[in-house]
Amino acid sequence: MGHLLAAEQARRMADEHGGRCLLRIEDIDPRAQDPQWLRLMEEDLAWLGLHFDGEVMVQSRRFGVYARVLEDLRQRGLLYPCFCRRGEIRAQAAEAGRAPHATLGYQYPGTCRALSPAEAAERIARGEPHSWRLNMQRVQDLVGCPEWEDLRRGLQRCVPTAFGDPVLARKELPASYHLCVVVDDATQGITLVTRGEDLFEATHIHRALQGVLGLPVPLYCHHELLRDNSGKRLAKRDGARSLASLRAAGFSPRQVRDSLRAALACGGVWQV
């Protein structure tokens with residue numbers, strides 16, 4: 001249902017403003033590249049009567065594009081290799097008194113930022129697993145604290161250093177969500193990004209990347225999330241019902257969309 005909410009909001013706003021609503025397949029995670037997932041999504045959309053405009057962009061076909069952007073950032077000294085394991089980062093963050101962040105994970109304390117180029121190169125040559133992080137202090141030195149506009153929250157100021165240095169690539173993931181969506185928004189000429197409020201903080205990273213890459217800045221609208229009666233966000237991992245299960249249970253597209261509107265009228269609380 002959360003996916004339906006995002007699709008409905010994007011389609012509605014595009015129609016209200018006389019624009020196009022584009023469908024992008026964000027399948028950079030290998031687990032998302034199984035053809036069955038695309039088929040199931042297309043079945044859900046067709047059943048609901050939702051349509052999109054223009055050609056569908058598929059991120060897993062664009063890794064070469066993202067690799068060139070990453071190399072540009074690397075050559076400019078804006079990326080550095082990080083050899084820390086996630087458990088180590090969590091421990092370091094906890095020791096520093098930093099709480100986990102819902103969207104961005106544990107704030108990285110910058111452990112590998114100060115490694116000398118020689119030491120970093122030696123560790124890479126030894127085959128040590130590593131990711132590539134964006135040095136947000138250098139980014140902030142270049143672009144300052146640029147602004148962006150959220151249609152629900154008003155004018156916002158991006159503070160690049162506020163959330164630590166995000167990972168832009170790792171061995172098993174050639175490019176991160178943050179990098180891909182920023183590059184693709186520019187490629188597709190996106191003028192309004194509509195998405196859930198759980199991604200609001202991530203927009204600071206995206207605005208910083210737009211600044212350092214010299215890309216246009218769209219408007220943003222971060223809509224509310226669907227929640228259960230206890231206020232917890234609906235999520236697959238917590239057993240939230242899928243659109244396919246509702247269809248199998250005999251619900252009509254109109255009933256599903258009506259229940260979504262009713263949920264929004266009740267502060268985002270959804271129940272069937």
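This passage describes a pocket, a pair of packed helices and two buried residues in a predicted model. The structure is a predicted model, in which local features require pLDDT of at least 70 and side-chain atom pairs count only at pLDDT 80 or more, whereas totals for chains, interfaces and linings use all residues. Residues are numbered from 1 along each chain as its sequence is written, and side-chain values use heavy atoms, with hydrogens and water left out.

The second largest pocket holds about 250 Å³ of space; a pocket is here an open set of points on a 1 Å grid over the protein atoms alone, where a 1.4 Å probe fits, with protein on both sides within 12 Å along at least five of seven lines. Of the 15 residues that line the second largest pocket, L79, Y80, L115, P117 and R138 are the closest to its centre, a lining residue being one with an atom within 4 Å of a point. At least two lining residues come from each of β3 (79-82) and α5 (117-125), and β3 gives the most, with three residues; helices (H or I, at least four residues) and strands (E, at least two) are DSSP runs numbered from the N terminus. By class, the lining comprises nine nonpolar, three polar and three charged residues, where Ala, Val, Leu, Ile, Met, Phe, Trp, Tyr, Cys and Pro count as nonpolar, Asp, Glu, Lys and Arg as charged, and the others, Gly among them, as polar.

Helix α3 (residues 63-75) packs with helix α8 (residues 202-213) at an angle of about 75 degrees, with the axes 12 Å apart, the axes being lines fitted to C-alpha atoms over the stretch in contact and the angles running from 0 to 180 degrees between N-to-C directions. Helix α3 is therefore roughly perpendicular to α8, a description that covers angles of 65 to 115 degrees. In this pair, V69, D72 and L73 of α3 meet L209, V212 and L213 of α8, contact meaning heavy atoms within 4.5 Å. The contact of α3 with α8 has five nonpolar, no polar and one charged residues.

C158 lies in the loop between β6 (154-157) and β7 (167-170) and, at 0% relative accessibility, counts as buried, a term applied under 20% relative accessible area (1.4 Å probe, protein chains only). Neighbours within four places in sequence aside, C158 is in contact with C145, P146, W148, H204, R207 and A208. The C-alpha atoms of C158 and I205 are separated by 7.9 Å, although these residues are 47 residues apart along the chain.

T194, in strand β8 (residues 192-196), is buried, with a relative accessible area of 17%. Not counting residues up to four places away in sequence, T194 touches Q9, A10, M13, C221 and H223.

Conventions:
Points joined across faces, edges and corners; volume = space filled by probe spheres on them. Parallel < 35°, antiparallel > 145°, perpendicular 65-115°, else oblique. Buried < 20%, exposed > 50% of the residue type's maximum accessible area, 1.4 Å probe, protein only.
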